[in-house]
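Please walk me through this protein chain, beginning with its strands and moving on to the side chains packed among them.

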Amino acid sequence: MKILANELILPIRQDRQCHASHFTPLAGGEIFCVYFYGTKEGQGDVRIFGSLRTADGKWSDPQPLSPDDGIPHWNPVLHRSEDGSVTLYYKAGHKIADWVTYTMTSSDNCRTWSTPRELISGDRSGGRGPVRNKILRTASGILLAPGSTEQGEWKCFIDRSENGGRSWERSADLRLPAEIRAKYENLRGKGIIQPTLWESRSGIHAMMRSSEGQIWRSDSGDGIDWCDPYPTAMPNNNSGIDAVSLPDGRVILACNPVGDNWGARTPISLYESRDNGRSFAWLTHLTTMQGEFSYPALRYEDDKLHITYTWNRRSVQYFCMEDV
């Protein structure tokens, strides 16, 4: 495995926090990365910012993208369409349970953006569309957006679009089994959220962050009907994960391999599966330092694995590797 890049995207400031990065490669070897940025998560000055990595490997200063409306903004996700346009999805709300999803588009490689609009006008379900991880474009051209809500019990769902994102059809909720839910007197903060998706010859698959010390999984043939979620052998500390499938069928998973609910967000590591996610083998640590190194985002493009993750809430780390 050859590391091509290992760099911090933002200058470190003690009076600013950033988290929940996402990114997309662009034409000409550029990369655009987004994250929420402000005094502290959940404060009214927290907005979505972006940084551009030019083809010569230089990152731009953080640039605000979402409006300064006094409402906390959260969890940006980028999706690049086949025509080259880029859509930004993000959440807005003073409370996570009350999130509303907004969207903006760019047709000039993320230099300028449209005015934000609600993804689903009037929706107050806790957010539609992707909640943290990338949208999957299936081999048939359908878009699948991994979503979740946190209104009491944590639940996942998948939004499905057959028209390039102009409209969306929501799946039923994916929940922990009834026998696990029954052991809790109060389900607030218990459940599964923030799915990551990949496609294989056998169908479409989701792995999910959970409150149960393990990554959970569900499978589907069409992106609408999903099997009951079931636990995997991979530990989870109730923090974000991401996965990506490679052209040769391998699945790469990024996570904090800690099995304690709300456990340490270090180390952050890569795992590899050669059996479509049924089992994973450790590949490498991205870091083992003390601190918070969390919320990885993965993409595989042009024979390279690109990764971003939160670096101690003060910056975003970017990795690029080949020969994975």
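The paragraphs below take up an open sheet, the core and ring pairs around it, and then a second group of strands.

The model is a predicted one, and its open sheet is a convenient place to begin. Four strands make up this sheet in the order S2-S3-S4-S5, with antiparallel pairing. Its edges are formed by strand S2 (17-25) and strand S5 (63-64), each of which pairs on one side only. S2 and S3 run antiparallel and are joined by seven bridges; Gln17 has Gly38 in S3 as its bridge partner, and Phe23 stands opposite Cys33 in S3. The hairpin of S2 and S3 has five residues between the strands, and within this hairpin Gly28 adopts a positive phi near 75°. On the way to the next strand of the sheet, S3 pairs with S4 in the antiparallel sense, again through bridges that number seven, and here Tyr37 stands opposite Arg47 in S4.

Is S3 enclosed or open to its surroundings? Because eight of the eight residues of S3 are buried, the strand is largely enclosed by the rest of the structure. The side chains divide between two directions: Ile31, Cys33, Tyr35 and Tyr37 point one way from S3, while Phe32, Val34, Phe36 and Gly38 point the other way, and all of these residues are buried.

Two of the residues of S3 just named, Phe32 and Val34, reappear in the largest nonpolar core, which has 21 residues; together with Ile48, Leu65, Leu78, Leu88 and Trp113 they touch the most other members. The elements that contribute two or more residues to this core are S3, strand S4 (47-53), S6 and S7, and the largest share, four residues, comes from S7. In soluble globular proteins, nonpolar side chains tend to be buried together. For Trp113, when residues up to four places away in sequence are not counted, the residues touched are Phe32, Leu65, Leu78, Val86, Thr87, Leu88, Met104, Thr105 and Ser106.

A polar residue, Ser66, can be followed from here, since one of its contacts is Ile48. Ser66 is found in the loop between S5 and S6, and it counts as buried because its relative accessibility is 1%. A polar atom of the side chain of Ser66 lies 2.8 Å from the backbone nitrogen of Ile48. Leaving aside neighbours within four places in sequence, Ser66 is in contact with Arg47, Ile48, His73, Tyr90 and Met104.

The aromatic side chains give another view of how separate elements meet. How many aromatic pairs does the model contain? The count comes to 11 aromatic pairs. One of them is formed by Phe36 and Trp74, an edge-to-face pair at 6.0 Å centre to centre, with 70° between the planes. This pair links distant parts of the chain, since Phe36 belongs to strand S3 (residues 31-38) and Trp74 to strand S6 (residues 73-80), 38 residues apart. Both Phe36 and Trp74 are buried. Trp74 also pairs with Trp99, in this case in a tilted arrangement at 5.5 Å centre to centre and 55° between the planes. Here too distant parts of the chain are linked, with Trp74 in strand S6 and Trp99 in the loop between strand S7 (86-92) and strand S8 (100-106), 25 residues apart. Trp99 is buried, as is Trp74.

Elsewhere in the chain, Phe293, Tyr309, Trp311 and Phe319 are linked by ring pairs into a cluster. A ring can also have a charged partner: the charged end of Arg170 sits over the ring of Phe157, 3.9 Å from its centre.

A last stop is strand S20 (residues 268-273), which is mostly covered, with six of its six residues buried. Ile268, Leu270 and Glu272 point one way from S20, whereas Ser269, Tyr271 and Ser273 point the other way, and all are buried. Strand S19 (residues 251-255) and S20 run antiparallel and are joined by five bridges, with Cys255 standing opposite Ser269 in S20. S20 also pairs with strand S21 (residues 281-287) in the antiparallel sense, over five bridges, and in this pairing Tyr271 stands opposite Trp282 in S21.

Terms used
Residues are numbered from 1 along each chain as its sequence is written. This is a predicted model: local features need pLDDT of at least 70, side-chain atom pairs count only at pLDDT 80 or more; totals for chains, interfaces and linings use all residues. Side-chain values use heavy atoms; hydrogens and water are left out. Rings of Phe, Tyr and Trp (its six-membered ring) pair if their centres lie within 6.5 Å; planes under 30 degrees apart count as stacked, over 60 as edge-to-face and the rest as tilted. Buried means under 20% relative accessible area, exposed over 50%, partly exposed in between (1.4 Å probe, protein chains only). A charge sits over a ring if NZ of Lys or CZ of Arg is within 6 Å of the ring centre and within 35 degrees of the ring normal. Two strands pair if DSSP finds at least two bridges between them. A polar contact is a pair of N or O atoms within 3.5 Å; within protein, one must be able to donate a hydrogen and the other to accept it, and residues adjacent in sequence count only if both atoms are side-chain atoms. Contact means heavy atoms within 4.5 Å. A nonpolar core is a set of buried Ala, Val, Leu, Ile, Met, Phe, Trp, Tyr and Cys residues joined through side-chain atoms within 4.5 Å.
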